Amino acid sequence: MVSLADLRKKFDDGTNVYNAASGYSEDETRIEFIDPVLDLLGWDVANKLGLIPSKREVVRETRQVREGGADKRPDYTVRASGLPRFHVEAKKPYVDIRIDRQAIFQARRYGYTDRHAIVVLTNYRSLVIYDASVPVDETIDRPETARLFTWDYDTYEANWDEIKSILGRDEVHGLGWEDRFQVAREHQPLPADEAFIQHFNQWRVEIGTDILARDPSVDAETVNDAVQQLLNRLIFVRMCEDRGIEGEETLRKAFAHSSTTTVSGLFKRLNRRYNTGLFSTAGNVDDSILRVSTGVLAGIVDRLYSPKSPFSFAVLDADFLGLVYEASLAEHLVITGSGRREKAELAKKAEYTRRDVVTTPQALVDATVEAAVERLDHDLREPNVLDFATGSGRFLLAAFNQVAERETLRRVADGDTDGLLRVSDDEWRLSFEEKKHLLAESFFGIDVDYNAVEVARFSLLVRLLDDETGETLPKGQKILPDLTQNIVHGNTLVRELPNATADELDLTNPLDLGATALPAEFNLIVGNPPYMSAENMKNYDPREYQYLKAEYETTERQFDKYFPFVELAVTHLAPAGLTAVVIPNKWMTVVSAKMFRALLRGDVSPVWLTNFRHVTVFEGKSVYVCALVLQADAAGKPLTYAEPESFEEFALGRYEGVKLPASALPSDSEGPWVLPANPTEKKVFDALFADSIPLAEVFDVRNGVQTSRNSVYILTNVTAKGDYVEFTKPDPKTKQSRHWKIEKAVTRPYIDDSRLVRSRRYVRPDSLIIYPYWPAPQNPSGVQAIPEAVMKKDYPLAYAYLLAHKADLENRDAQARRQMRDQGAFYVYGRTQAIGYSPQQPKIIYSVNQKGRKYGMDAEGIIVQSGGTAGEVMMFQTGDYSLDFVLALLDQPEIEMFLRKRGSPFRGGYYARGSDVIAAVPLPRLDFGDPQDVLWHSEISSKALSLRHQTEDSDLVPARKQAQHQNQMRLLAMDIRLQFLARWRLKEVDVQDLR
């Protein structure tokens with residue numbers, strides 16, 4: 001390999017030639033100097049590793065063979081594990097890239113549009129790195145704007161360590177590489193996709209308002225369709241221009257004449273040429289362009305070009321458009337005002353008001369689809385593919401990219417290069433006609449949103465033109481396929497709604513699959529279906545909700561809308577077909593998903609599952625997801641399972657997974673999925689369950705009370721005075737703070753602040769709860785409400801307090817009102833759960849939502865409350881296992897690992913573990929007739945008790961003795977831990993990597 005010194009000497013020896021205005025080209029600069037520098041940085045420029053095109057480390061733009069050609073793509077794209085990290089733009093040495101504004105702005109636009117951290121500009125004579133997060137503003141930017149580093153060739157050797165730390169292969173593959181380029185600014189610029197969305201939405205409003213000004217009678221639906229068609233036209237032409245498919249500034253020149261005739265003439269020509277459907281109305285009386293002032297469109301067109309546009313349409317591809325359109329689909333134009341004040345404004349579509357709009361990161365889309373495509377039958381040619389919730393078409397685009405690459409590699413391997421184009425010595429791709437055939441014959445989609453259908457068709461046609469130039473496209477007319485039968489408008493899940501009203505049909509939009517050209521079954525079904533709770537479905541579209549309940553097996557209890565989507569996919573798979581989806585990961589453990597889990601163990605089997613657990617995938621959203629691939633006729637196949645610790649780790653492939661046998665799934669097809677993500681976890685799981693029983697067999701796990709009006713019943717900052725307690729609360733009538741006094745006998749200790757529940761400690765109450773019950777052995781609960789006459793006579797102060805809040809208590813929900821009626825007292829709790837057993841002691845109290853170490857002993861009879869994923873849960877001893885033994889078990893990291901996997905993740909690293917979760921904890925199976933087991937159990941229990949007492953005493957230990965005291969506690973805790981590890985036949989070295 002040539003050295004830096006060799007390159008410097010070579011350049012010094014030929015300086016006059018290299019720096020001349022002519023005679024030495026950019027291509028020669030790349031081959032003789034820039035390629036070797038990238039090699040020295042560790043990059044496999046020549047693809048000596050033989051990686052497939054989508055995984056190659058360096059993508060070189062091979063079509064820029066003519067100087068000054070119309071094609072304007074970056075010279076190099078440098079990738080880590082297939083993920084683009086930065087562009088390198090090359091110039092010949094004659095160009096002084098330190099001051100050449102055209103070269104600098106071009107490079108910066110590349111990096112900004114592709115949302116990279118940096119962009120590199122070099123002619124070998126100099127090497128310059130720019131912050132790519134800063135958009136270009138040619139009106140104020142100088143050559144040094146956003147510049148991070150500059151070196152000249154004769155300083156490369158002296159600064160090589162620094163250069164390599166920024167651009168070296170190993171460093172760029174590392175986690176956190178992009179973080180080093182983040183600059184703290186008072187006003188952080190928007191990423192390119194968000195900035196483009198802002199521009200795009202502004203254009204929507206401008207065009208829509210102009211249409212209304214010219215024709216106030218037009219309806220909102222017509223306005224939206226016209227606006228979308230016009231913007232799609234403009235973007236399509238700009239992308240064709242910067243790809244060398246159309247002449248430079250074709251669009252700008254057409255609008256420069258301020259003539260609708262000139263623009264219509266261009267659009268009619270493009271319609272004859274491309275047949276996209278975008279221009280099909282050109283020249284007709286109902287053409288959307290006739291609804292808009294040419295001056296308005298000309299102003300928008302001007303903002304699509306430099307110097308006003310910060311974007312490069314050369315790299316603004318179908319994937320980027322998908323991101324933009326996906327975000328914009330949630331909003332549409334509505335007409336506000338009236339008469340001359342009528343205008344168009346953006347508002348959220350009704351169907352999006354009750355669910356999050358999330359944009360799936362491209363790396364996740366690609367990896368999910370790839371996991372399915374690589375499992376397709378090797379002999380299957382041109383598999384048919386469906387996206388069942390197409391949206392902007394990004395999953396379909398990813399599938400097309402990968403199926404096209406698969407087909408190319410298959411043909412090359414077979415020696416069949418008909419229909420292929422040679423890109424370089426070792427790279428081929430499908431010809432335009434072959435791509436067109438593949439797209440038209442094999443790719444399909446459905447969406448209930450008409451605008452999404454139009455966007456998806458447009459995105460696919462744009463993708464078809466990727467990698468093409470004027471020379472590689474056919475010279476005839478109507479060169480693009482008609483996708484109207486491929487991407488259809490309708491409700492994927494609903495076939496028909498008998499007796500539905502016109503409004504109901506319009507809302508639900510049932511789709512008769514038999515009336516479409518869609519195949520009956522598919523080799524691959526992909527997508528990110530809508531996430532919507534049963535309650536929100538019921539509120540938004542009751543007829544659809546009832547249909548789903550009646551027609552799909554997975555729609556029981558509190559189901560989510562993605563359940564029937566996956567069910568539909570499973571029922572429409574061809575033999576050995578696959579479905580690849582991104583969905584929330586709660587289905588793995590929640591009770592309401594048991595039929596969904598059964599579905600995944602029926603005619604299909606899971607073959608690939610990446611569970612992000614608590615990792616944030618959708619920025620700003622607290623929904624936690626997984627990527628899942630299912631395959632038909634795959635019973636017994638292993639499951640590739642992983643749990644990346646960060647999304648960057650996933651995108652770069654820097655995470656460890658494990659191949660699990662089918663037997664690793666629960667024997668009960670409806671049971672929760674708790675899976676090991678690496679060999680260490682697998683070893684631990686095998687040990688925990690080897691000889692165990694579920695905790696529920698010997699412990700009673702119970703939820704706490706629910707008052708349905710805590711503001712009345714919970715008393716904080718209480719002062720005890722003899723048989724009474726005093727506190728301050730607002731008076732219901734005056735709303736002013738009031739001093740109250742009630743009988744202590746009608747209260748019980750209560751935990752209001754969950755932070756007081758801590759492992760290795762007794763739980764101490766921080767407040768009181770009014771407890772209007774007394775013993776009643778004849779009742780199932782063991783208690784009953786204190787009769788009102790008794791309450792009034794024996795507890796007059798408490799009765800007066802409750803009476804003052806009667807109106808509030810009677811205003812609780814319907815279930816609470818039923819309790820008041822049935823129990824004959826207005827002051828009973830809103831639910832009967834836990835009213836009898838909650839005051840009992842001793843018991844374990846633990847917090848539902850926690851990070852671990854929140855399991856305390858209650859010796860006072862403290863009442864707790866539970867609700868969903870909040871509050872506390874109680875555990876009562878019913879067998880021979882002691883409370884202290886269980887507390888010691890719950891203190892072990894192996895058990896915490898199980899609970900985190902069995903529970904539900906929440907933001908901040910918290911995991912909810914409700915009563916059904918803790919009940920599944922594996923207890924070592926003990927024979928209490930065996931003296932050895934009894935002794936071991938007693939030792940663990942005794943040491944746990946001693947550890948709790950020592951922890952309590954630590955608050956009283958003098959400072960000078962704290963270190964010694966803490967060390968004693970650590971040794972005692974380690975002694976307990978080593979005893980559990982020995983029982984599980986594990987050693988510290990076995991679990992040292994446990995996360």
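This report walks through some backbone features, the nonpolar cores, a helix packing and a small sheet in the structure above. The model is predicted, so please read every value here as computed from it.

## Backbone details in four loops

Let's start with the loops. Two prolines follow cis peptide bonds: one bond runs from S306 to P307, and the other joins Q841 and P842. Two further residues, E382 and N509, have a positive phi without being glycines. The table puts each feature beside its loop.

| Feature | Angle | Loop |
|---|---|---|
| cis peptide bond S306 to P307 | omega near 10 degrees | P307: between α11 (294-302) and α12 (318-328) |
| cis peptide bond Q841 to P842 | omega about 5 degrees | P842: between α28 (814-823) and β30 (843-847) |
| positive phi at E382 | phi about 50 degrees | between α13 (362-373) and β9 (385-387) |
| positive phi at N509 | phi near 55 degrees | between α17 (502-508) and β14 (522-527) |

Are E382 and N509 buried or exposed? E382 counts as partly exposed because its relative accessibility is 24%. N509 has a relative accessible area of 19%, and because the cut-off for buried is under 20%, N509 is classed as buried.

## The nonpolar cores

Now to the interior. In soluble globular proteins, nonpolar side chains tend to be buried together. The largest nonpolar core in this model has 162 residues, and F236 and W587 have the most contacts inside it. Helix α8 (residues 220-242) supplies the largest share of this core, with eleven residues.

Which residues does F236 touch, once those up to four places away in sequence are set aside? Its partners are Y274, T276, L278, F279, F458, V462, L465 and L480. Apart from this core there is a second, separate one of 49 residues, and among its members are V873, M875, F898 and L899.

## Helix α29 and its partner

A888 is a handy place to begin looking at helix α29, which spans residues 883-890. Because its relative accessible area is 5%, A888 counts as buried. Beyond its neighbours within four places in sequence, A888 is in contact with I940, A944, I976 and F980.

I976 and F980 also take part in the packing of α29 against α33: here F885, A888 and L889 in α29 meet I976, F980 and W984 in α33. The residues of this contact are six nonpolar, no polar and no charged.

How do the two helices lie against each other, roughly parallel or roughly perpendicular? Helix α33 covers residues 959-984, and its axis is 10 Å from that of α29, at an angle of about 85 degrees. The two are therefore roughly perpendicular, since angles of 65 to 115 degrees are counted that way.

## A three-stranded sheet

For a sense of distance, the C-alpha atoms of A888 and T716 are separated by 32 Å, with their positions 172 residues apart along the chain. T716 leads us to strand β22, which covers residues 714-716.

This strand belongs to an open sheet of three strands in the order β22-β27-β26, with antiparallel pairing. β22 and β26 (747-750) are the edge strands; each has a single partner strand, so one side of each is left without a neighbour in the sheet. From one strand to the next, the twist averages 35 degrees.

Strand β27 (residues 767-770) runs antiparallel to β26, and four bridges join the two. One of the pairings to look for on screen is T747 with its bridge partner I770 in β27.

Notes. Residues are numbered from 1 along each chain as its sequence is written. This is a predicted model: local features need pLDDT of at least 70, side-chain atom pairs count only at pLDDT 80 or more; totals for chains, interfaces and linings use all residues. Side-chain values use heavy atoms; hydrogens and water are left out. Buried means under 20% relative accessible area, exposed over 50%, partly exposed in between (1.4 Å probe, protein chains only). A nonpolar core is a set of buried Ala, Val, Leu, Ile, Met, Phe, Trp, Tyr and Cys residues joined through side-chain atoms within 4.5 Å. Contact means heavy atoms within 4.5 Å. Two strands pair if DSSP finds at least two bridges between them. Axes are lines fitted to C-alpha atoms, for helices over the stretch in contact, and angles run from 0 to 180 degrees between N-to-C directions. Angles under 35 degrees count as roughly parallel, over 145 as roughly antiparallel, 65 to 115 as roughly perpendicular and the rest as oblique. Ala, Val, Leu, Ile, Met, Phe, Trp, Tyr, Cys and Pro count as nonpolar, Asp, Glu, Lys and Arg as charged, and the others, Gly among them, as polar.
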